[in-house]
Amino acid sequence: MSSNKINLTELADRYGSDKGSTKHRYTELYHMLFHPFRGRKINFVEMGLLIGGPEHGIDKDRVTDDLPSIRMWLEYFPKANIIGMDVSDFSWFKHERFMFHRVDMDSLDEMKNAAASLPAVPDIILDDASHASHHQQNGFLELFPKLA
Ligand SMILES: C[S@@+](CC[C@H](N)C(=O)[O-])C[C@H]1O[C@@H](n2cnc3c(N)ncnc32)[C@H](O)[C@@H]1O
């Protein structure tokens with residue numbers, strides 16, 4: 001099957017993201033919205049990379065060993081640059097189209113630095129971090145104004 005035909009929900013299920021059919025099914029909406037961007041060299045930012053962090057009472061310095069949604073986006077957008085942000089460390093993951101920035105969304109200063117670290121103007125920003133409203137507000141204040 002050509003990569004452009006692969007459905008986002010199938011990718012979420014394959015890589016273990018909670019956005020797929022096993023839990024939220026947000027991928028159905030994302031597929032509808034993001035499909036037109038698939039073949040383009042966009043800059044895509046995701047905040048929040050692996051379920052089971054501080055939002056579940058787990059230490060931010062936990063050992064991480066996967067980033068399911070980033071693997072999913074890399075395959076879904078075969079030309080895009082993907083920027084991942086999280087309070088836990090994912091700097092071990094290397095891919096030519098992936099960049100990681102560690103940031104605690106609780107801190108407005110760290111959010112400012114994260115925004116300043118963006119290598120290019122983002123076309124899409126997806127906040128799937130703690131879902132705490134004050135973290136979302138910090139994202140809206142510092143990161144979302146950078147959108148194309
Ligand atoms: C819902 S999970 C992300 C799920 C992932 N996007 C997926 O689809 O499988 C939430 C993530 O938010 C991160 N997180 C929690 N609190 C945070 C904070 N204060 N700043 C940045 N990231 C945070 C966690 O480390 C965790 O990786």
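**Figure 1. Phe34 is a buried residue, with a relative accessible area of 10%.** The model shown is predicted. Trp73, the ring partner of Phe34, is also buried, with a relative accessible area of 0%. Both values fall below the 20% cut-off, so both residues count as buried. A search of the whole structure finds 15 aromatic pairs. In the pair of Phe34 and Trp73, the ring centres are 5.8 Å apart and the planes meet at 65°, which makes the arrangement edge-to-face. Planes over 60 degrees apart fall in that class. Phe34 belongs to helix H2 (residues 26-34) and Trp73 to helix H3 (residues 68-76), so the pair ties together parts 39 residues apart in sequence.

**Figure 2. Ring pairs join seven named residues into a cluster: Tyr26, Tyr30, Phe34, Phe44, Trp73, Tyr76 and Phe77.** Phe34 and Trp73 both belong to this cluster. Tyr76 is another member and lies in helix H3. Tyr76 is buried, with a relative accessible area of 0%. Leaving aside neighbours within four places in sequence, Tyr76 is in contact with Ile6, Leu8, Leu11, His31, Phe34, His35 and Arg38. Phe34 thus appears among the contacts of Tyr76 as well as in the ring cluster. Tyr76 and Phe37 are 39 residues apart in sequence, yet their C-alpha atoms are 9.7 Å apart in space.

**Figure 3. Phe90 and Phe100 form an edge-to-face pair.** Their ring centres lie 5.8 Å apart, with the planes at 65°. The pair links distant parts of the chain, ten residues apart. Phe90 sits in the loop between strand S2 (81-86) and strand S3 (98-102). Phe100 is in strand S3 itself. Phe90 and Phe100 are both buried.

**Figure 4. Helix H3 is largely enclosed by the rest of the structure, because seven of its nine residues are buried.** The buried residues are Pro68, Ser69, Ile70, Met72, Trp73, Leu74 and Tyr76. Their cover includes helix H1 (8-15), H2, S1, S2, S3 and strand S4 (124-127). Ser69 is found in this helix. At 4% relative accessibility, Ser69 counts as buried. Not counting residues up to four places away in sequence, Ser69 touches Ser17, Lys19, Glu46, Gly48 and Leu49.

**Figure 5. The ligand has 23 residues around it.** Those that come nearest are Ser17, Leu50, Asp86, Asp104 and Asp128. Where do polar protein atoms approach the ligand? A polar side-chain atom of Ser69 lies 3.0 Å from a ligand nitrogen atom. A polar side-chain atom of Lys19 lies 3.3 Å from a ligand oxygen atom. At Val87 the polar atom belongs to the backbone, and it is 3.3 Å from a nitrogen atom of the ligand. Taken alone, the ligand exposes 610 Å², and the protein buries 97% of that. Ser69 and Lys19 also touch each other. Ser17, one of the nearest residues to the ligand, is a contact of Ser69 too.

**Figure 6. Helix H5 (residues 133-142) has a buried side formed by His135, Asn138, Gly139 and Glu142.** These residues cover an arc of only 100° around the axis, which puts them on the same side of H5. An α-helix has 3.6 residues a turn, so residues three or four places apart point the same way. The cover over the buried residues of H5 includes strand S1 (43-47) and helix H4 (108-116). The face turned away from the buried side carries the exposed residues Phe140 and Leu141. S1 also helps cover the buried residues of H3.

**Figure 7. Arg25 and His131 each have a positive phi although neither is a glycine.** For Arg25 the angle is about 65°. Arg25 is placed in the loop between H1 and H2. Its relative accessible area is 40%, so Arg25 is partly exposed. For His131 the angle is about 70°. His131 is found in the loop between S4 and H5. With a relative accessible area of 48%, His131 is partly exposed.

Definitions and conventions: Residues numbered from 1 in each chain as written. Predicted model: local features only at pLDDT ≥ 70, side-chain atom pairs only at ≥ 80, totals over all residues. Heavy atoms only, no water. Buried < 20%, exposed > 50% of the residue type's maximum accessible area, 1.4 Å probe, protein only. Helix = DSSP H or I, 4+ residues; strand = E, 2+ residues; numbered from the N terminus. Arc of directions from axis to C-beta. Contact = heavy atoms within 4.5 Å. Near = heavy atom within 4 Å. Polar contact = N/O pair within 3.5 Å; in protein donor to acceptor, adjacent residues only side chain to side chain. Areas by Shrake-Rupley, 256 points an atom, 1.4 Å probe, with all protein chains shown as cover. Phe/Tyr/Trp six-rings, centres within 6.5 Å; stacked < 30°, edge-to-face > 60°.
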